[in-house]
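Let's take a walk through this structure together, starting at one residue and working outward. Have the model open beside you as you read.

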Amino acid sequence: GDRAFEVAQLAARTGFRPLYPGSELPFLEAEVEYAVREYACTAADVICRRTRLAFLDYEEAVKAVPHVVELLSGLLHWDKARRKRELAATLEVLESFRPPSSQELLGSEAAGSSR
């Protein structure tokens, strides 16, 4: 976005690490820190709104949750209980981004054709 240079400056300090270990997506840990500077205070906010990862790839978004929660925990000084609540809450939000299975799609088509 229009703040890419600022994110790149943050990333330069941390070695341009990916959003979560092993990710090959074009999202960086530094985006979490930048999002907190812009008043993000939940993992769902970072994953859904700030990076838009949930809209792009549900499975990758789910993989990112534990590490994003860990990063936010350090930045926002969360205790273990808050980390646990945040993990559960974010996974719950991400369920609304889960694409339907082929079985679910076929079931809805079959229901529609019987009308």
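Leaving aside its neighbours within four places in sequence, which residues is Thr51 in contact with? Keep in mind as you look that this is a predicted model. The residues to find are Phe27, Glu31 and Val46. Thr51 itself sits in the loop between H3 and helix H4 (53–56). Although it is a loop residue, Thr51 counts as buried, at 7% relative accessibility. Its side chain also reaches back to the backbone oxygen of Ile47, at 3.2 Å. Move on to Arg52, just after H3, and you will find a positive phi of about 65°.

From here it is natural to step back into H3 (residues 43–50). Six of the eight residues of this helix are buried, so H3 is largely enclosed by the rest of the structure. The buried ones are Ala43, Ala44, Asp45, Val46, Ile47 and Cys48. If you ask what covers them, the answer includes H2, H4, H5 and H6. Asp45 deserves a pause: this residue of H3 has a relative accessible area of 8% and is buried. Leaving aside neighbours within four places in sequence, Asp45 is in contact with Ala40 and Arg50.

Cys48 brings us to the cysteines. How many disulfides does a search of the whole structure find? The search finds zero. A disulfide is a covalent bond between the sulfur atoms of two cysteines, and here the distance settles the matter. The sulfur of Cys48 has its closest cysteine sulfur in Cys41, 13 Å away, which is too far for a bond; the cut-off for a disulfide is 2.5 Å. The surroundings of the two can be read from their accessibility: Cys48 is buried, with a relative accessible area of 6%, whereas Cys41 is partly exposed at 45%.

Now follow Ile47 into the interior. Ile47 is listed with Val68, Leu72 and Leu94 as the residues with the most contacts inside the largest nonpolar core, which has 23 residues. H2, H3, H4 and helix H5 (58–76) each supply at least two residues of this core. H5 gives the most, with eight residues. Leu94 is a good place from which to look around: leaving aside neighbours within four places in sequence, Leu94 is in contact with Ile47, Cys48, Ala54, Tyr58, Ala61, Val62 and Val65. Apart from this core lies another, of five residues, among them Leu10, Ala11, Ala30 and Tyr34.

That second core points us toward the start of the chain. In helix H1 (residues 4–14), the buried residues are Val7, Leu10 and Ala11. Seen down the axis of H1, these buried residues fall within an arc of 100°, so they line one face of the helix. They pack against helix H2 (29–37). On the face turned away from the buried side of H1 you will find the exposed residues Phe5 and Arg13. Just after H1 comes Gly15, with a positive phi of about 85°.

Toward the other end of the chain, look for Pro100, in the loop between helix H6 (80–95) and helix H7 (102–113). At 48% relative accessibility, Pro100 counts as partly exposed. For a sense of distance, compare Pro100 with Leu87: the two are 13 residues apart in sequence and 22 Å apart in space, C-alpha to C-alpha.

Finally, zoom out to the whole chain. There are seven helices and zero strands, so to speak a run of α-α-α-α-α-α-α from the N terminus on. What is the radius of gyration of the chain, set against that of a compact globule of 115 residues? The chain has 17 Å, while the globule would have a value near 13 Å. Along its principal axes, the C-alpha trace spans about 60 × 35 × 25 Å. Buried residues make up 35% of the 115 residues. As for contacts between residues at least 6 apart in sequence, 58% of them join residues at least 24 apart.

Conventions: Residues are numbered from 1 along each chain as its sequence is written. This is a predicted model: local features need pLDDT of at least 70, side-chain atom pairs count only at pLDDT 80 or more; totals for chains, interfaces and linings use all residues. Side-chain values use heavy atoms; hydrogens and water are left out. Buried means under 20% relative accessible area, exposed over 50%, partly exposed in between (1.4 Å probe, protein chains only). Helices (H or I, at least four residues) and strands (E, at least two) are DSSP runs, numbered from the N terminus. The arc is that of the directions from the helix axis to the C-beta atoms. Contact means heavy atoms within 4.5 Å. A polar contact is a pair of N or O atoms within 3.5 Å; within protein, one must be able to donate a hydrogen and the other to accept it, and residues adjacent in sequence count only if both atoms are side-chain atoms. A nonpolar core is a set of buried Ala, Val, Leu, Ile, Met, Phe, Trp, Tyr and Cys residues joined through side-chain atoms within 4.5 Å. The radius of gyration is taken over C-alpha atoms; the globule rule is 2.2 Å times the number of residues to the power 0.38.
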